[in-house]
Every structure is written in structure tokens, then in C-alpha cells.
Amino acid sequence: MTADRTAVIGSGPAGAAACIALGQLGRPVLWIAPPDSMNARIGESLSPSARPLLEALGLEHVITGPEHRPANALFSCWGSDHLTERSDALRLQGPGLVLDRPAFEEQLRSAAMATDLDRQETTLEDLVAAKGQWSLQLGNGNMVSAGFVIDCSGRKAVAGRLLACQQQDDQLVAALAFLDQQDPDVAPTAATMIEAVADSWWYASLLPQRESQPPRMVIARFSDPDLQPRGLTRDRAAWQRLVGETLYIQRWIDSAGFAIGKPPNLASAATAWLEPAAGVLEGAGWAAAGDAAVAFDPLSSHGLTTALWSGRQAAIAASSAINGDRESLAVYSQKIARGVEQFRQERRQVYAREGRFRDQPFWQRRCG
Ligand SMILES: Cc1cc2nc3c(=O)[nH]c(=O)nc-3n(C[C@H](O)[C@H](O)[C@H](O)COP(=O)(O)OP(=O)(O)OC[C@H]3O[C@@H](n4cnc5c(N)ncnc54)[C@H](O)[C@@H]3O)c2cc1C
């Protein structure tokens, strides 16, 4: 029966969470999940608030392994020239984690695959609703159908953007690079550092070390496209110059024996969301979860927890809607909208704490 089957689009954390939650609810699932290039996965800080979300999905074991490291030390240079330390170990829920992100995603996917679902390892290309059913055109040429669709395709929101209005309130872009340690005699501090500069903010984190590999660090600069040198992804000297504008990140890279290698890759880091995040078209229900529903400025470190939370909540709302309670979709959509509003207020407050650069366009755009 395809009428009560839910198609989940996307193989990231939100897609895996939605599949697992639907499995817990005894719902048949079709997972449209392309094979990802796992090395390209970015974003490794997992907030402590992920713990109860993972527990609800029966996934508490995925963060206990040695492949992830506790995020005990967070240093920040924000609002003054001093570097201050915040200890996450003192939080009630314990410290967050710095994930081996590819390993984490593999663990989520394995858990999703362990539920009884059908999987198509391909993309969604198009979808049409008629008489309470979705017809889905897939990248492998197959045409499949489902009674409900959950879009977890990340920032692309491949289904959601056809069904709702996608809003975006900034142009934030991340330039990011992975650095390998060159000097094996230095033991680098397991820390994460955030630093504000005149036209951007930076993030650097020591990644959990993999067996027989040198220590790795990720660094990222978050700015606006017009405040970024042209051709940065091909210009190592420009990238080195930008890193050199930081007070502390440059010092940490040098003192821990890392070196700037290739120029960075770029990724959108803008805050974007769908209005509404769920609904019904021609009698067929849909919802978006994870970045497809709402993608935050990474300053929040909320991306992964929102993906896990909304993947599960969208599954619960879908299950209720399939049982005839369509109000569940409006309630889900309102929760997403409230989350967006709360985040935008908090973001303004956090950026406003940086007073040193209040005459600079990057900061004016975020504090006005
Ligand atoms: C630079 C940067 C740093 C970040 N750092 C952090 C951090 O430290 N901590 C944190 O919590 N969050 C961070 N985030 C955010 C976090 O990575 C995302 O919020 C999270 O990955 C969202 O998960 P998702 O499953 O919704 O989407 P994604 O992880 O983007 O997964 C989307 C999936 O959809 C699939 N897909 C795409 N198109 C199609 C299609 N047509 N058909 C089928 N499938 C498709 C993709 O292959 C992918 O598997 C960061 C984001 C950025 C940009």
C-alpha cells in the first residue's frame, strides 16, 4: 500500500531521524537517500541539548564512542580583545561534543537502515500531488508514489521550495578549510575557538583524531559575499592574508604546528526558512525538517539539534495527519515559525555584544 507510505527525502541527520521516528510509530517508509560524499560533511559541534533528542530516537549510544571528543574548552574573542574561556563541562547536560561528523552520520544512517524501510539511493527530481497521493520523479528514472512526503534535503529544500515560500534574511557565506598538522612534536589543545574581526567572524576547532592520521583542525570564516575577496577558492595568498587578520586563530594555528594548505571551499551559511513548514496539497500531506525547514547561522550551533528534533517532530506530525488529524501539520509549522523568531532575536543580541566593529557593514547588517 503506497497511500499510507511516507517518502523521506535526504540522507542527512534530519532524514535519518525522520525515518527512525516513523519506524518507531510503525509507519512504512520509502527513503530517497542519495549516497553522500561523507568527507564533505561540515559542522561538528554537537550541543549538549542533543542528548535527550538522541535518547528519544533510541540513539544515545552513537555519541559514547571514542571517535567523538568532549567539547570541554571553548575560547572566544568577542566584544573585547581578550580571549575568554567557557567551560561546557559545567553545563547541567554535560559538555557538548566535537563529532567525527562522517562517523556520526554513518551511525545515524545505519540506525535508520535497521528499521524496516525501502530505500532508493537516488535524488528526488520532481513531485506532483493528486487525489491524496504524491507521484515522485526520481533521479534514477523511477516514478514512485507515497501518501506523505517529508523533505529533509537540506538547504536545497527540493520539495519544500516548490510547496511553500522560502525566506532568507542574510547572505552569510562560510569559507572553510581543513588543516593537517605539520609538526608532530606539538600536542595541540583539544579546543574550539571563536573570534570576531571587522568584516566577519571565525571558527576553529581541533577535530577528533583518527587512528594513524595526523591531528586535523577545521577553520571557517563567516562573512557576506561582498566582503569576500573575489576568487578566494583559488587564491591561497588571499586566504592566508585573511587568516592573518585574526588575533588568536592565526596564533593557535602556528603554535600548534598547523599550516594553511589549500584555499577554502565556500558554503552557504545564511539563515533561511520555509513558510509554512508543512501543509496539504490536493489532499496529500507534506512537511519539511532540518535545514530544509529552517537553516540557521552556524553561530548558533543549533543545526544538528534542530535536524534531529524536527526530523522526529515532522514524523510524529505526519503520522497524526495520516490518521486524519491534519491540525498536527499546522501545529508543527507554528513550532518551526516560533523557533525562527526566537533564533532571530537571539542572533541580534549575540551580534550586538560585539561593539568594537559597530561601524562596519558586516556588524551593522546584523545589529540594526
Ligand atoms: C559552515 C557550516 C558549519 C556548520 N557547523 C555546525 C556545527 O558546528 N554544529 C551544528 O549543529 N550545525 C552546524 N551547521 C549546520 C548543520 O550542518 C546542518 O544544520 C545540518 O547538517 C542539517 O541537517 P539536514 O539533515 O537537515 O541537512 P543536510 O545535512 O544538508 O542533509 C541533506 C541531505 O539531503 C540530500 N539531498 C540533497 N538534494 C537531494 C535531492 N534532490 N533528493 C534527495 N536527497 C537530496 C543530501 O545528499 C543530504 O544527504 C553548520 C553549517 C555550515 C554551513
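Strands E13 and E19 (residues 272-275) run antiparallel and are joined by four bridges. Strands here are DSSP E runs of at least two residues, and helices are H or I runs of at least four, numbered from the N terminus. Two strands count as paired if DSSP finds at least two bridges between them. Gln 166 stands opposite Leu 274 in E19. The open sheet has three strands in the order E13-E19-E22, with antiparallel pairing. Its edge strands are E13 (165-168) and E22 (294-295), each pairing on one side only.

The model is predicted: local features need pLDDT of at least 70, side-chain atom pairs count only at pLDDT 80 or more, and totals for chains, interfaces and linings use all residues. Residues are numbered from 1 along each chain as its sequence is written, and side-chain values use heavy atoms, without hydrogens and water.

The ligand is surrounded by 32 residues, each with a heavy atom within 4 Å of it. Asp 36, Arg 41, Ser 45, Arg 101 and Asp 291 come nearest. By class, the shell holds 14 nonpolar, twelve polar and six charged residues. Nonpolar means Ala, Val, Leu, Ile, Met, Phe, Trp, Tyr, Cys and Pro; charged means Asp, Glu, Lys and Arg; the others, Gly among them, are polar. Helices H1 (13-24) and H7 (303-322) each supply at least two shell residues. H7 gives the largest share, three residues.

Polar atoms also approach the ligand. A polar side-chain atom of Ser 11 lies 2.9 Å from a ligand oxygen atom. A polar backbone atom of Pro 13 is 3.2 Å from a ligand oxygen atom.

Technical notes. A polar contact is a pair of N or O atoms within 3.5 Å; within protein, one must be able to donate a hydrogen and the other to accept it, and residues adjacent in sequence count only if both atoms are side-chain atoms.
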